[in-house]
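Subject: A structure for you to look at

Hello,

Here is the structure I promised to pass on, with the sequence alongside. Have a look at it first, and then read on for what turned up.

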Amino acid sequence: MEKIEILHTNDLHSHFENWPRIARYLEAEQAQNPAVFTFDIGDAIDRLNPLTDATMGRANVDLMNTVHYNAVTIGNNEGLVLSHANLNRLYDQANFDVLLANFKELPENNQPTWAQPYHIYTSPAGTKIAVIGLTAPYELTYRSLNWQPLSVDETLSCYLPILHQQADIVVLLSHLGLPTDEELAEKFDLDLILGAHTHHVLPEGKLINGTMLAAAGRYGSHVGRVDLTVNAQHQMVACQAEAIPSYELAEEVDDLEQVRSWLQAGSEVLKARPVADLPEGLSASQQGEATMTALKEIFQVPAAMVSTGMFVNDLLAGPLNQYDLLESMPHSINPMLVTLNGLELKQLMSEIDQKATYLLDHPMKGNGFRGKVFGKVMLSGIECDRTGQILYQGQPINDQADYQLATLDHYHWIDFFPVLDDARLTIKLGTLLREFMADYYQRRYGFKP
C-alpha cells in the first residue's frame with residue numbers, strides 16, 4: 001500500500017498573518033514524506049495588501065515558490081483584478097505549474113502561455129495523479145479583459161476521458177464554489193475536488209457519490225490535508241480529508257516581525273510613487289465629488305453616482321502617493337457605465353430614496369468592497385425638484401428616452417438596487433477606483449517635487 005498526502009491552500013487573499021506557520025507546516029510535511037503533492041486553489045493574491053498591490057501579485061508568487069507547490073489554479077482575484085498584461089506576467093518566475101482548463105486568451109482563443117489545462121503527476125510508487133484546474137467562468141467580465149472563460153461542464157466532459165485513460169486518480173482544483181463542487185461530484189467521475197471561492201471549510205471533507213470534497217476556508221485560517229491509500233494496482237482504497245486550523249501549527253518568535261516586514265516593504269514601495277500635491281485635504285464626501293467628476297470624464301456623460309463608503313480615509317493636504325490612495329480606496333472595484341430608460345432611472349431613484357437611511361451605516365463586505373459601511377449615496381447631474389420631479393441635467397425625465405449614468409460596478413453586483421441587475425452596462429475592468437483617481441488627481445493637481 002502506498003500513502004499519498006495532498007496538501008492544499010485556498011483563498012489566502014494576501015493575508016500573510018498565518019503564512020509563516022503555513023509555510024513551515026508545508027515544508028515539514030514535504031520533507032517527511034516523498035509522496036506529498038501541494039496545491040493552491042486560487043485567490044492567493046488580493047490587492048488590498050500593499051506588497052501585492054506594489055508588485056501586482058508577483059511578490060505572492062515569490063513566497064509561494066519557497067514552499068514548493070506542485071501546481072495552482074487561479075481565482076477571480078488573479079483573473080479579474082489584474083489587467084490582461086499583468087496576469088500574463090504574474091507567473092513569469094513561478095517554479096510550479098499553473099493549471100487552468102476553462103480559460104482562453106482572446107482574440108485567437110488560445111491556451112494562455114502561462115497555464116496548461118492539466119498535468120499528470122507520478123508518485124514514488126508509480127501512481128499517476130491527473131490534476132485539472134477550473135476557475136469561475138465570469139462570462140461578461142472576463143471577455144472585457146480579453147479572456148474567454150469556458151463552460152465548466154463542457155470542459156470536464158472534454159478532458160475527463162483523457163485523464164481517466166492516462167491516470168489512476170483524478171483531482172480537480174476548483175475555484176468554483178461549494179454548490180458547484182457538489183453538483184460536479186454528482187455528475188462526474190472525480191476522485192477528489194479541492195475547493196475554493198466560497199471560503200468554505202470542510203473540517204473532515206465531504207463525500208458525495210464517491211467523490212471527496214475538501215476545502216480550507218479563507219485568509220489562511222486552515223491548511224487542507226488529504227491522505228490517500230493506494231493499493232499495488234494504483235487504485236485508491238481509502239481517502240481521508242481534514243482542514244487543520246492554522247492556530248494549531250507551530251509558531252516561532254519572529255513570525256510577527258516577518259509579517260510586518262512584508263507589509264512595510266509594500267508600503268514603502270507605494271509611498272515612493274508620487275501622485276499629486278493636494279492644495280487642501282479631501283473628506284469622504286469631497287473625494288466622492290471628485291470621483292463623480294472623474295467618472296463623467298471617463299465615460300463622457302453628464303451624470304454620475306457613488307457612495308461615501310468607498311472612501312475609508314480622508315486625504316491630507318500636501319504630497320499624495322499611491323499608498324495614500326490604497327488606504328483610502330482599497331477596493332477591487334471598477335468604473336461602470338449604465339444605460340437606463342426614463343422609467344428605470346425613476347425606479348433607481350426610488351430605490352435609493354427608500355434605502356438611503358438604512359445604507360448610511362450599513363456594514364458592507366465582499367464583491368470587491370474592502371471598506372466598512374456603504375455610506376451616503378451621492379449623485380451628480382441627477383436631482384429631484386421641490387415637487388419630487390426627477391431632473392437629468394435640469395430637465396424632466398422622459399420615460400421612454402435613454403439616460404446614461406457613470407458609476408462603479410460594485411452597485412451592479414450587490415442586491416440593493418435591483419434595477420441595475422439587468423441594466424445595459426459597460427464595465428472598464430483592468431483599472432481600479434484608486435487607479436483612475438490617481439490619474440484624475442495627477443491631471444488636476446500635478447506633483448511638485
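To begin with the chain as a whole: 56% of its 449 residues count as buried. Please keep in mind that this is a predicted model. The secondary structure amounts to 14 helices and 24 strands. Along the principal axes, the C-alpha atoms fill a box of roughly 80 × 50 × 40 Å. The radius of gyration is 24 Å, which agrees with the value near 22 Å for a compact globule of 449 residues. Among contacts with a separation of 6 or more, 73% are between residues 24 or more positions apart.

Now to the helix packing, where two pairs are worth a look on screen.

The first pair to open is H10 (residues 284–299) with H14 (residues 433–445): their axes are 10 Å apart and cross at an angle of about 90°. Angles of 65 to 115 degrees count as roughly perpendicular, so H10 and H14 are roughly perpendicular to each other. From H10, the contact takes in Gln287, Ala290, Thr291, Thr293, Ala294, Leu295, Glu297 and Ile298, and these meet Leu433, Phe436, Met437, Tyr440, Tyr441 and Arg443 in H14. By type, the residues of this H10–H14 contact are 9 nonpolar, 3 polar and 2 charged.

The other pair is H1 (residues 19–32) with H9 (residues 255–271), packed at an angle of about 115° with axes 9 Å apart. H1 and H9 are therefore roughly perpendicular to each other as well. On the H1 side you will find Trp19, Pro20, Arg21 and Arg24, which meet Asp255, Val259 and Trp262 of H9. The contact of H1 with H9 divides into 4 nonpolar and 3 charged residues, with no polar ones.

Arg24 also leads us to the salt bridges. How many salt bridges does a search of the whole structure find? The search gives 15, and I have picked out three of them for you.

Arg24 pairs with Glu252, with the closest N and O atoms 3.4 Å apart. This pair links distant parts of the chain, 228 residues apart: Arg24 sits in H1, while Glu252 is in the loop between strand S14 (236–245) and H9. Arg24 is partly exposed, at a relative accessible area of 22%, and Glu252 also counts as partly exposed, at 42%.

Next, Arg434 and Asp53 meet through their side chains in a salt bridge, 2.8 Å from N to O. Here Arg434 belongs to helix H14 and Asp53 to helix H2 (residues 50–55), and 381 residues separate the two in sequence. Are these two residues, Arg434 and Asp53, buried or exposed? Both are buried.

The last one joins the side chains of Glu5 and Arg225, at 3.6 Å from N to O. Glu5 lies in strand S1 (residues 2–9) and Arg225 in strand S13 (residues 222–230), so the pair ties together parts that are 220 residues apart in sequence. Glu5 has a relative accessibility of 3%, and since buried means under 20%, Glu5 counts as buried. Glu5 and Arg225 also belong to a network, in which salt bridges with shared partners join them with Glu29 and Asp227.

Happy viewing, and do write back with any questions.

Best wishes

Key: Residues numbered from 1 in each chain as written. Predicted model: local features only at pLDDT ≥ 70, side-chain atom pairs only at ≥ 80, totals over all residues. Heavy atoms only, no water. Axes fitted to C-alpha atoms, helices over the stretch in contact; angles between N-to-C directions. Helix = DSSP H or I, 4+ residues; strand = E, 2+ residues; numbered from the N terminus. Parallel < 35°, antiparallel > 145°, perpendicular 65-115°, else oblique. Contact = heavy atoms within 4.5 Å. Nonpolar A, V, L, I, M, F, W, Y, C, P; charged D, E, K, R; others polar. Salt bridge = Lys/Arg side-chain N within 4 Å of Asp/Glu carboxyl O. Buried < 20%, exposed > 50% of the residue type's maximum accessible area, 1.4 Å probe, protein only. Rg over C-alpha atoms; globule rule 2.2 N^0.38 Å.
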